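Here is a short set of exercises to work through with the model open beside you. Try each task before reading its solution.

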Amino acid sequence: MTLRNLTGEQRRQFIDTQQVYEAWLGAEDERQRRFVGSMRWVERNGADYLLRKIRQAETSLGPRSERTENAFAAFSEGRQRNKDLQAGLSDRLDSLAKVNVAMALGRVPTIAARILRRCAETNLLGRQLFVVGTNALFAYEALAGVQISSDLVATGDIDLLLDSRRRISFVTEEKITQSGLIGVLRKVDKSFKPLQPRAFRATNRDGYLVDLIRPQARNVLKDKAPTSITSIADDLEGAPMDGLQWLINAPKTDATAIDERGYPVKIPTIDPRIFALHKAWLAQRPDRSAVKATRDREQSIAAALIAKQYLNLPLDSEYLGGFPAPLREAAVSTLPLDNPPGPSEDSPTEPNW
């Protein structure tokens, strides 16, 4: 298993990029909360009134007075300061991006990064949607300051895990109900389309795939959980898959990674130990192809090594004790454990003759 540590210079550059990006995100959050829309004065019945417009709605803040004049000045000056700050930080990110590419820090496929940024704009990312599958490894790399061998992170798709237990916020609903998740993808690339109506998978003209997946209910007939983010006819509908319940219930983490063009992107995902356990379990499934099983096993080991050696997360019998037997058994046979658990009550006591 090849895990290459970043050099001191790469770490410094990585940290600089992450810090500038956090500052840009803070400025963008302030813009969205305080400076969206516009203010203007209008004359009505011989008096000036201050109007505030946000999207299509325009409301009156009252007639001209010291209070409304101060509000107008604070809004105008604050918005300009915010705009200047974002412009400066954007220029800095552009400069850092070129150096990031030259220093081989760019890892996340460009299209995956653009999809994640668009999802973040709608407040879906890290709330209703989490990154799982191969792209989660980029987050673990960023957390640990390492790079995994390229063959293990090469991918032509992205898996988005739908957590339908979390209610969509009003702000998210406003931004997503008109176009759905497929509309978010089309903001990245207009050629994205579902493979069929209400499919779980969308593809673009280059063959890049986006999969929306969700846990398989124990009782399919009683499954009343939402299967998609909207009811739009051509929106994506999450495909139920066995084993994803473990991922939904897993502790979450996130990291800022760097895409192939050198720009930062946040990746919300699951605890790397749960990723390792799930991949080890997948590798042992009898219906898994040999090629995929081998890759699953290697990715599982990579995540486990990062969790243990770099993030100091325990991966021993005490940690595994609360997991179902299939995950514990997969861990024992696949992962480098600190203290492998002994046989559990539901483990076989005779060989499989």
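Two strands count as paired if DSSP finds at least two bridges between them. Keep that rule at hand for the first exercise, and remember that the model is a predicted one.

**Exercise 1. Build the open sheet**

Work out in which order the 3 strands of the open sheet lie, and which strands stand at its edges.

Solution, step by step:

- Begin with the pairing of strand 2 and strand 3: they are joined in the antiparallel sense over 7 bridges. One pair to look for is W41, whose bridge partner in strand 3 is L50.
- Next, take strand 3 (residues 47–54) and strand 4, which also run antiparallel, with 6 bridges between them. Here L50 stands opposite G62 in strand 4, and I54 has A57 as its bridge partner.
- Put the pairs together and you get the order 2-3-4, an open sheet with antiparallel pairing.
- Strand 2 (38–44) and strand 4 (57–63) each have a single partner strand, so they are the edges, and one side of each is left without a neighbour in the sheet.
- As for the twist, neighbouring strands of this sheet are turned by 35 degrees against each other on average, if direction is ignored.
- Finally, add the helix that packs on the sheet: helix 2 (residues 66–102) touches strand 2, strand 3 and strand 4, and its direction makes about 145 degrees with that of strand 2.

A general point helps when you look at the faces: in a regular strand the side chains alternate between the two faces of the sheet.

**Exercise 2. Inspect the turns**

Find which residue has a positive phi in the turn between strand 2 and strand 3, then do the same for the hairpin of strand 3 and strand 4 and for that of strand 12 and strand 13.

Solution, step by step:

- The hairpin of strand 2 and strand 3 has 2 residues between the strands, and N45 in the turn has a positive phi of about 55 degrees.
- The hairpin of strand 3 and strand 4 likewise has 2 residues between its strands; in this turn look at R55, with a positive phi of about 55 degrees.
- Strand 12 (residues 252–258) and strand 13 (residues 264–270) pair in the antiparallel sense over 7 bridges, with I258 opposite P264. There are 5 residues between these strands, and G262 takes a positive phi near 95 degrees.
- Positive phi also turns up in loops. N123, which is not a glycine, has a phi near 65 degrees and sits between helix 3 (110–121) and strand 5 (129–132).
- R198 is not a glycine either, yet has a positive phi of about 55 degrees; its loop lies between strand 8 (193–194) and strand 9 (201–203).

**Exercise 3. Compare helix pairs**

Decide for each pair whether the helices run roughly parallel or antiparallel: helix 1 with helix 2, helix 9 with helix 10, and helix 4 with helix 10.

Solution, step by step:

- Helix 1 (residues 8–34) packs against helix 2 at an angle of about 155 degrees, with the axes 9 Å apart. Angles over 145 degrees count as roughly antiparallel, so helix 1 is roughly antiparallel to helix 2. Their crossing is left-handed.
- The contact includes V20, W24 and A27 in helix 1 and L85, L89 and L93 in helix 2. By class, its residues divide into 11 nonpolar, 6 polar and 6 charged.
- The axes of helix 9 (residues 272–284) and helix 10 (residues 290–310) come within 8 Å and cross at roughly 155 degrees. That makes helix 9 roughly antiparallel to helix 10, in a left-handed crossing.
- Among the residues that meet there are F275, A276 and L282 in helix 9, and A303, A304 and A307 in helix 10. The contact has 10 nonpolar, 2 polar and 4 charged residues.
- For helix 4 (residues 136–144) and helix 10, the axes come within 10 Å and cross at roughly 25 degrees. Angles under 35 degrees count as roughly parallel, so helix 4 is roughly parallel to helix 10. This crossing is left-handed.
- In this contact, L137, Y140, E141 and A144 in helix 4 meet Q299, A303, I306 and Y310 in helix 10. They divide into 6 nonpolar, 1 polar and 1 charged.

Terms used. Residues are numbered from 1 along each chain as its sequence is written. This is a predicted model: local features need pLDDT of at least 70, side-chain atom pairs count only at pLDDT 80 or more; totals for chains, interfaces and linings use all residues. Side-chain values use heavy atoms; hydrogens and water are left out. Axes are lines fitted to C-alpha atoms, for helices over the stretch in contact, and angles run from 0 to 180 degrees between N-to-C directions. Helices (H or I, at least four residues) and strands (E, at least two) are DSSP runs, numbered from the N terminus. Angles under 35 degrees count as roughly parallel, over 145 as roughly antiparallel, 65 to 115 as roughly perpendicular and the rest as oblique. A crossing is left-handed if the near helix is turned anticlockwise from the far one by less than a right angle, and right-handed if clockwise. Contact means heavy atoms within 4.5 Å. Ala, Val, Leu, Ile, Met, Phe, Trp, Tyr, Cys and Pro count as nonpolar, Asp, Glu, Lys and Arg as charged, and the others, Gly among them, as polar.
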